[in-house]
Amino acid sequence: MAIAIMACRKLIGKCSGTGCLKAYNNCKVAFEIYKDNKPPLASFFYCKGCKETKGTDEDWDHKITQLKNNNVDTVHLALCINVECDEYEKHEEMLKGEGFKVIRGSH
Ligand code: SF4
């Protein structure tokens, strides 16, 4: 099975994802749980969006299907969602509703 990281779209313009990927590569912070058996990181993707960030060309169901087709069973909610978002629990419940295990945090 594989994991994915979901990040906040508010940071698209300035975040390169390096903090999350460094933590994953080094099995640090939220990824320390994988230090003895690291699953592949199959995706770094952005959330479903909110009124501030949602675009017009959207296909969330396709994104979820891509994750499932690539064996993602666990989604980490990146630090930026915790910092930026008022709807943290909503994201968590939505992903759980899609059958994913959700882990809070990245780096
Ligand atoms: S604030 Fe929340 S809903 Fe809006 S882009 Fe960030 S994570 Fe997504």
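This passage looks at two helices of a predicted model, α1 and α2, and at how each one sits among its neighbours.

A helpful starting point is the geometry of the helix itself. An α-helix has 3.6 residues a turn, so residues three or four places apart point the same way. With that in mind, the pattern in each helix is easy to follow.

Helix α1 spans residues 18–25, and its buried residues are Cys 20, Ala 23 and Tyr 24. Viewed down the axis of α1, these buried residues lie within an arc of 100°, so they line one face of the helix. Thr 18 and Lys 22, on the other side of α1, are exposed. The buried residues pack against two strands, β1 (2–7) and β2 (41–46). Just after α1 comes Cys 27, which takes a positive phi of about 50°.

Helix α2 covers residues 60–69, with Trp 60, Ile 64 and Leu 67 buried. Around the axis of α2 these residues cover an arc of only 60°, and therefore sit on the same side of the helix. Asp 61 and Asn 69 are exposed, and they belong to the face turned away from the buried side of α2. The cover over the buried residues of α2 includes β1, β2, β3 (72–77) and the helix α4 (88–97). Strands β1 and β2 thus appear in both settings: they meet the buried residues of α1, and they are among the elements covering those of α2. Just after α2, Asn 71 takes a positive phi of about 65°.

Terms used: Residues are numbered from 1 along each chain as its sequence is written. This is a predicted model: local features need pLDDT of at least 70, side-chain atom pairs count only at pLDDT 80 or more; totals for chains, interfaces and linings use all residues. Side-chain values use heavy atoms; hydrogens and water are left out. Buried means under 20% relative accessible area, exposed over 50%, partly exposed in between (1.4 Å probe, protein chains only). Helices (H or I, at least four residues) and strands (E, at least two) are DSSP runs, numbered from the N terminus. The arc is that of the directions from the helix axis to the C-beta atoms. Contact means heavy atoms within 4.5 Å.
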